[in-house]
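Work through the exercises below with the predicted model open. Try each task before reading its solution.

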Amino acid sequence: MATNLLLSPEIKQSYERRLLQRFRTTTVFNKFGMQKGIPKGGGVNLSWRRMEIIRPVATASTVTWPADATYTSASGAALTEGTFTTPAVVASWAEVTATISQYGQAAYISDLDIEQAMDSQIPEYVDNFSESMTELLDLVTRDVLLAATNIQYANGRASASAVISGDFLNLSELRKAKRTLKRANAKPIDGKFPVIAHPDTCYDLEGDSNITNVWVNGGAGGKQGQIFDTEFKDLPLGFRLYESTIAPISRASGYGDVYNTFVLAQEAYGTVKLDSMPAKVITHMPGTSGVSDPLNQVATVGWKANFAAAILNQSNLVLIKHQTSYFTGTRAGL
């Protein structure tokens with residue numbers, strides 16, 4: 001009996017012709033902004049403008065707006081019969097400007113790859129670059145939202161560096177964020193306040209009994225079945241959860257990893273593109289590059305997008321900084 005059985009050169013390896021799936025992050029950051037386009041010939045800057053609220057007149061000079069309690073008196077706006085009213089209101093305006101930047105990636109593909117490779121090259125590059133473009137534009141918006149000034153630290157901590165193990169996101173923290181938004185008269189989006197969170201954060205929310213008991217004991221209306229899904233979307237008290245692995249994790253002065261969760265309202269931010277130059281994947285086959293490719297050896301595939309994002313109203317966005325049960329120390333290399 002032979003002791004060494006060698007694979008015959010005539011027996012070729014079998015290949016699965018269906019390519020494996022690419023598992024990318026779910027892109028959610030560009031779902032909720034005001035989306036605008038700049039027409040051809042309109043430059044690369046878009047200006048959003050808002051006339052600020054004209055407040056009623058209060059008699060007490062110490063009143064701040066919006067007032068914490070009831071207004072002190074309406075008598076400051078009372079009119080005197082038979083007396084001309086002297087106009088004294090001067091409206092103020094706010095302006096936010098976004099400037100378009102160009103983004104893109106490209107790859108060379110040889111003629112041999114196109115003609116002789118077992119797997120189709122150009123279509124796979126096109127699909128992959130389409131996914132990459134969508135992800136990059138989501139990252140652009142995410143980084144803009146990180147400049148939020150309406151910051152809430154879990155468990156009432158004073159700063160990001162004070163956030164410690166156990167300072168997790170829960171329904172109580174979301175309620176605080178909603179209170180902040182409602183005190184600013186911010187409005188929900190399609191009836192809910194969207195929450196964008198990392199999977200590590202969503203894990204902690206799934207273990208919050210104040211959330212799960214609504215399904216277990218209260219039935220949660222027609223949405224009870226969500227507790228059996230891989231993730232639930234609608235949280236109690238008016239929140240809708242969106243999960244993304246690019247929800248940022250930052251370091252607070254070397255003290256530990258801090259997760260960033262966004263709670264949004266209408267007109268919190270906006271995005272802008274050029275109408276005449278839409279985002280697209282561009283292909284050039286061998287033989288289309290002229291003297292730079294004299295022997296028709298090279299194709300290119302790439303994508304290009306013109307895009308910008310800007311926070312429109314800081315009062316309509318709450319950034320919650322917290323830790324998670326997954327990791328509460330400090331990771332090297334962040």
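**Exercise 1.** Leaving aside neighbours within four places in sequence, list what valine 263 is in contact with.

*Solution.* Step 1: set the cut-off, heavy atoms within 4.5 Å. Step 2: drop the neighbours within four places in sequence. Step 3: read off what remains for valine 263: Leu174, Ala177, Leu181, Phe193, Pro194, Val195, Phe239, Asn316, Leu317, Val318 and Ile320.

**Exercise 2.** Find which residues touch the most other members of the largest nonpolar core, and which elements supply that core.

*Solution.* Step 1: the largest nonpolar core holds 19 residues. Step 2: Leu174, Phe239 and Val263 touch the most other members. Step 3: at least two residues of this core come from each of helix H3 (171-183), E6, helix H4 (199-206), E8 and strand E14 (317-322). Step 4: H3 gives the most, with 4 residues. Step 5: look apart from this core for another, of 17 residues; Phe29, Leu145, Tyr242 and Ala247 are among them.

**Exercise 3.** Decide whether the faces of strand E6 are covered or open.

*Solution.* Step 1: E6 spans residues 193-197, and 5 of its 5 residues are buried. Step 2: take one side: Phe193, Val195 and Ala197 are buried. Step 3: take the other: Pro194 and Ile196 are buried. Both faces are covered.

**Exercise 4.** Identify the strands joined to E6 by bridges, with their directions.

*Solution.* Step 1: E8 (residues 239-243) runs parallel to E6, with 5 bridges. Proline 194 has arginine 240 as its bridge partner in E8. Step 2: E10 (residues 257-264) runs antiparallel to E6, with 2 bridges. Isoleucine 196 has phenylalanine 262 as its bridge partner in E10.

Terms used. Residues are numbered from 1 along each chain as its sequence is written. This is a predicted model: local features need pLDDT of at least 70, side-chain atom pairs count only at pLDDT 80 or more; totals for chains, interfaces and linings use all residues. Side-chain values use heavy atoms; hydrogens and water are left out. Buried means under 20% relative accessible area, exposed over 50%, partly exposed in between (1.4 Å probe, protein chains only). Two strands pair if DSSP finds at least two bridges between them. A nonpolar core is a set of buried Ala, Val, Leu, Ile, Met, Phe, Trp, Tyr and Cys residues joined through side-chain atoms within 4.5 Å.
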